[in-house]
Amino acid sequence: MYIIDRYEENNNKKYIIQLQDGYFIEVALFEHRNAIHFCIPSQVGCCVGCRHCSTTYAQVPYVRNLSSRELNNIVELLITQLWNKNIPKVLSFSGHGEPMMNWENIQKCARDNINRFLNIYLTSIGIVCTMHEILLGLDFYPNIYFSLHASCDNERAELIPLAGNEQIANLQQIIEFGKYYTQMGGQVIWNYMICNVNSSDESFQRLLGLCRKVEYSLDIRFTKYIDIRKNNKIKEIDSAVSKAFCQKISDQVSSNIHVRFSTLEGEEMGIACGQMRAFLQDKK
Ligand code: SF4
């Protein structure tokens, strides 16, 4: 595998890597809170089809899982690109792809590299069978960012069409999982990308209702949807409205829930969402 294209802006760096079979993946390195995050994909493309994601609209949206060997090789390749070797590193399976659908290889890569990284993260919509496997026993506890993005399952399916499928965890199952995972020492975060679909007063009340069911320590990370200019039935909303939604939740949840509104690292270049891979395919 080798790097065929790159985009760099301050300490946010994106690379397109060509794999041995000729397919492309997109990876990123970025500095955040005094650590360098290795944002790596779990699949070549992604089969989830979220409406807000560039990967869904790429000419070749999904091909296959990445092998553990490929994942390890990506880590090695990114290490050669580091601009500061001494700063702590975070391994984040948060690029394109659904890590819980490639769990065996993700686990292997995480275990092989555990001593090199301060922390391991993954972002998932929640795959029921993998969540069961995780609760049955792990020797590492990645921080799990659930792509919630909604206040009820119907609303979620508007953004993540696969969310109606029974293999995908519903919101109640995600809440339950958090209870057991935090008891095991893990940390759960809900990602909530605010857009026109999930920001009404009804959504606010429902989200508050979900929060009231959570008795463990939970982080909620709000971001603002950035319009990727596709006909995807989702609209960006005003920044002040997004922040007000986040602030209202923050004001009304109990102290075990920590709310933050994140500005995405490398927002201007759309870090970690597969834009560069999709763009390159469109050009070819
Ligand atoms: S947001 Fe993530 S899970 Fe959804 S389609 Fe994109 S890469 Fe896949």
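**Reading a predicted chain and its ligand shell**

Mentor: Let's open with the ligand in this predicted model. By class, its shell has five nonpolar, five polar and one charged residues.

Trainee: Which residues surround the ligand?

Mentor: Going along the chain, you'll meet C46, V48, G49, C50, C53, T55 and T56, then H96, G97 and E98, and I125 as well.

Trainee: Stepping back, how many helices and strands does the chain have?

Mentor: The secondary structure comes to nine helices and 12 strands.

Trainee: And what does the radius of gyration tell me about the chain?

Mentor: You hold it up against what a compact globule would give. For 284 residues that would be near 19 Å, and the chain has 18 Å, so the two agree. The C-alpha atoms fill a box of roughly 50 × 40 × 35 Å along the principal axes. As for burial, 42% of the 284 residues count as buried.

Trainee: What share of the contacts joins residues at least 24 apart?

Mentor: Take the contacts between residues at least 6 apart in sequence: 71% of them join residues at least 24 apart.

Trainee: Let's try a helix. How does the length of α2 compare with what it should span?

Mentor: You count 1.5 Å a residue and check the ends. The 13 residues of α2, 68-80, should span 18 Å, and the end C-alpha atoms are 19 Å apart, which agrees.

Trainee: Which residues of α2 are buried?

Mentor: E70, L71, I74 and L78 are. They lie on the same side of α2, because they cover an arc of only 100 degrees around the axis. On the face turned away from that buried side you'll find the exposed residues R69, E76 and T80.

Trainee: What do the buried residues of α2 pack against?

Mentor: Three strands and a helix are involved: β2 (12-18), β3 (24-32), β4 (35-39) and α3.

Trainee: Now α4. Which of its residues are buried?

Mentor: In α4, residues 128-136, look for T130, M131 and I134. Their arc around the axis is only 100 degrees, which puts them on the same side of α4. The exposed residues C129, H132 and L136 sit on the face turned away from the buried side.

Trainee: What covers the buried residues of α4?

Mentor: The cover includes α3 (103-113) and α6 (171-183). So α3 is worth displaying with both helices: it is among the elements that the buried residues of α2 pack against, and it is part of the cover over α4.

Trainee: Which residue just after α4 takes a positive phi?

Mentor: That's G137, with a phi of about 140 degrees.

Conventions
Residues are numbered from 1 along each chain as its sequence is written. This is a predicted model: local features need pLDDT of at least 70, side-chain atom pairs count only at pLDDT 80 or more; totals for chains, interfaces and linings use all residues. A residue is near a molecule or strand if its C-beta atom, placed from the backbone, lies within 6 Å of it. Ala, Val, Leu, Ile, Met, Phe, Trp, Tyr, Cys and Pro count as nonpolar, Asp, Glu, Lys and Arg as charged, and the others, Gly among them, as polar. A residue is buried if 20 or more other C-beta atoms lie within 10 Å of its own, exposed if 12 or fewer, and partly exposed in between; C-beta atoms are placed from the backbone. Helices (H or I, at least four residues) and strands (E, at least two) are DSSP runs, numbered from the N terminus. The arc is that of the directions from the helix axis to the C-beta atoms. Two residues are in contact if their C-beta atoms, placed from the backbone, lie within 7 Å. The expected span of a helix is 1.5 Å times one less than its number of residues. The radius of gyration is taken over C-alpha atoms; the globule rule is 2.2 Å times the number of residues to the power 0.38.
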